[in-house]
Amino acid sequence: MERNYRGIADGIIRLVEREQLKDRKLWKLADGQFAGTPDDADHGWRGEYWGKLMRGACMTWEYTKDEELYGILQESVLRLLETQDQEGRISTYSKEEEFTGWDIWCRKYVLLGLIHFYGICKEEELREQVLQAAGKQLDYVIAHIGEGKGKKKITLASDAWLGINSSSVLEPVVRLYQLKPERRYLEFADYIVENGGAEGFDIFLAAYEDRLYPFQYPVVKAYELMSCFEGLLLYAEVRESEKWRQAAVRFADRLLESEAVIVGGSGCHHELFNHSALMQTGTEYDGLMLETCVTVTWMKLMYRVYGITGDMRFLEEVERSALNALYGAVNTENSVCGPETTFDEPSYRGVYNCAMAEGGRAQMFDSYSPLRSGIRGRAVGGFKSMKEGKEFCGCCIAIGAAGTALVPQAAVRDTKKGIEIGIYLPGVIRTAVGDTEAEFSLETDYPVGGEIAVSMKLQREKEFEIALRIPSFAESGRIAVNREAWENVRTGTFFRISRVWKTGDHIRISLCWGPRLAYGAENPEDAGSERHVAVLYGPLALARDRRLGSEGLPVVLGDGQVSVRKADKVSVPCQCCFEVSLGGETFPMVDYASAGKTWRRDSETEVWMRTAERHG
C-alpha cells in the first residue's frame, strides 16, 4: 500500500525526517558508540539510541521513500557492522561488564534496528550481511543467557526494574525467528516467557489471570512493561497460543481502564504506571510525566492489539495519543531547553547546561508533557552525555520518529474483504483490491472538522468492502455514496459498504460533534484536592496557553454547559483556536499539540483547568 498524505501527519513526518533523520552527525554519534565501551562506567543505555533511531527512520522511509534518507541509513548500518567482533557482539559494554545494567536492552535495540533495516534493504548482499549479523548477535546472547552451567538468568542480567528491560528482548527474538526460523530462537523465546519477565513475579501470568492492574505489579516501569507485552503478542502469534494472546489483550484492556489520560499516553509519575487515569489531576506534580518513550510504546502496543482484535477502542487511543501527546512533543518551533527550569534530582542535574553548552541542534522531541499548568522542555529523558560531554542524546529524542511514522500506517489498512479507513488524513492511498489497482483520494480538515470526501479510481469495476470508522466521540454521522444516503449511522463502529465500485464513485462522510467537558477525578487520598475540568473537541484536547493570556486562571463551571466558536484572530501557530464559553466566561484555547511550543514560561500551558466558584 502506498500512502501520500497532506496535513499535520505528513508535515510532522517530513519535519522529523529533514531535521533529525537526515542529520549525519547524529547517526555517526549513535553508531560510533559501538566502537568502544562507553556504557561500562555507569551501566547506561547509550547503546539503545542507534536502534531506536534506525527503527523510526526505516518506518519513516516506508512512508516517504526518500532516497537521501535511505543512503544515510545504509551508511550507518555499514559502520555498525564494522563494530561486530568475531564472537558476534555488537555492544557498548565490554565483556567484563556485559549482561549487567542495560546491556541486553541495548542489544535488543541493535537487533530491532538491524531487523527493520533488513525490511527495507534493496541490496541482496547487504540484506544477507544484516541478517547474519543479527543472528550472530542473538546467538552470543543465547550462549550466555538462560539455563545451564555458566549462563545467567535473564531477569538477573540487569539490576534495574526486576529485569523487565532485559526480558523485553523477546520482541526481536521472535522477529528474527520469523525471518530466520532457527529452532534455538524459538526455544529462547520460550525460555523468556517461562521466566515470567520479572524476577520473582510473572508479569505475563498476572496479565492472563487479570486480577491486578499494571500499577499494582511490583514493577511499574511503563515503557519496559509494554515492550515485554509487544513481544508476547508476537510470541503468541508464532506459537498460536490463545492463552498468551489473551494475556496481552487483557493487559491492554487494563491499561485503557486505569492508565489512559486526557491527551493519550500514560504515566503521571515520571515514567511509571501510577493509576494515571486517576492521578492525572493529582496535587503532586513536578513536571516529569507523560514520557514520550511511553507515549510511542503505548501507541505501538495499542495498534498491535487493535490489529488482532479489531476493537476500535485501541485504534482511537492511537489517534488520541498521536494528535495530542505525541504531536505536542514534536519540536515544531525549534525551541531549546531553557535555564529557567531546574530539578533537584541528581539524574537531571546538568541536563540543561550540557544541552545548551555546545549551542548545537535543538532536540527534535520533548521528553515530558504537562497536563496541569506547566511548560514543555523541562528535561531530556534518558539523557546521556557522549564524546566527553560535548554531545548528548536521550531516549525520547531517539524513539519519537517511530511514533510519527506509525500514524499513516495506522490510518488505513488492507482487509480480506477490501480496505478499512480508520483515521481520516487528507491525501491519496493506492493499493490493490484483489486483482485490481485502486486509488482513494481523501479531502478533509479532520480532526478540526467532520466532513470527509472520498473519491476513487479503479483499473476496472470491482466488488469489495470499504469500512469507514464512525468515531465514538461523534454525536451523529451521515454517509452518502453517490446519491444513496444513510442517516444516523451508529457511532463507535465501522460502517461497512460492500458493492461493485468503479472510477468516479465518491463517498461523503459527515460527522457532527461539539465541545464536551471532562472532569478530573478527585484524589481520594487528599481530601483537599482541587477539582479540574478539561475541554475536548472531537479527538482533540484543548489547552490554554499563556501567549493567549488565559493560562493559570481558575474557571467557573456554572451549569456545566460549554460552547465554542472559531477565533477570528489567531496569535499562535496552531491547528485550531477557539473562543470557549464556560460558566459565563469566554477565553481562548488551542489544540494541545500546538500549545506550549516555545518551551518557556511565556507559553506555559494547561489542559486540566482548576475550577472555582462563581465570582461575586
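**Whole chain: contacts**

Start with everything selected in this predicted model. Look at contacts between residues at least 6 apart in sequence: 70% of them join residues at least 24 apart.

Now switch to cartoon view. The protein has 17 helices and 24 strands. Its radius of gyration is 24 Å, and the globule rule gives 25 Å for 616 residues, so the protein is as compact as a globular protein of that length. Turn the C-alpha trace about its principal axes. The spans are about 70 × 65 × 50 Å.

**Surface and charges**

Show the surface. About 23,400 Å² is exposed, and carbon and sulfur atoms supply 45% of that area. What share of the 616 residues is buried? The buried share is 62%.

Next, colour the charges. There are 75 positive and 92 negative ones. The mean positions of the two sets lie 3 Å apart.

**Stop 1: helix 6**

Select residues 124-144. This is helix 6, with 21 residues. At 1.5 Å a residue it should span 30 Å; the end C-alpha atoms are 31 Å apart, so the two values agree.

Now show side chains. The buried residues of helix 6 include Leu126, Val130, Leu131, Leu138 and Ile142. Arg127, Gln137 and Tyr140 are also among the buried residues.

Which helices do the buried residues of helix 6 pack against? Select helix 4 (67-82), helix 5 (103-120), helix 8 (170-179) and helix 9 (183-194) to see them.

Step just past the end of helix 6. Glycine 146 has a positive phi there, about 140°.

**Stop 2: helix 5**

Go to residues 103-120, one of the partners of helix 6. How many of the 18 residues of helix 5 are buried? The count is 17, so pick a cartoon view to see this mostly covered helix. Check its length too. At 1.5 Å a residue, helix 5 should span 26 Å, and its end C-alpha atoms are 26 Å apart, which agrees.

**Stop 3: helix 4**

Move to residues 67-82, another partner of helix 6. Helix 4 has 16 residues and should span 22 Å at 1.5 Å a residue. Its end C-alpha atoms are 23 Å apart, which agrees.

Show the side chains again. Buried in helix 4 are Leu69, Tyr70, Ile72, Leu73, Ser76, Val77, Leu80 and Leu81.

What covers these buried residues? Add helix 1 (7-21), helix 2 (24-32) and helix 3 (49-64) to the view. Keep helix 5 and helix 6 on screen, as they are also part of the cover.

Key: Residues are numbered from 1 along each chain as its sequence is written. This is a predicted model: local features need pLDDT of at least 70, side-chain atom pairs count only at pLDDT 80 or more; totals for chains, interfaces and linings use all residues. Side-chain values use heavy atoms; hydrogens and water are left out. Helices (H or I, at least four residues) and strands (E, at least two) are DSSP runs, numbered from the N terminus. The radius of gyration is taken over C-alpha atoms; the globule rule is 2.2 Å times the number of residues to the power 0.38. Buried means under 20% relative accessible area, exposed over 50%, partly exposed in between (1.4 Å probe, protein chains only). Contact means heavy atoms within 4.5 Å. Accessible areas come from the Shrake-Rupley method with a 1.4 Å probe; for residues, only the protein chains shown count as cover. Lys and Arg count as positive and Asp and Glu as negative; His and the chain ends are not counted. The place of a charge is taken as NZ of Lys, CZ of Arg, CG of Asp or CD of Glu. The expected span of a helix is 1.5 Å times one less than its number of residues.
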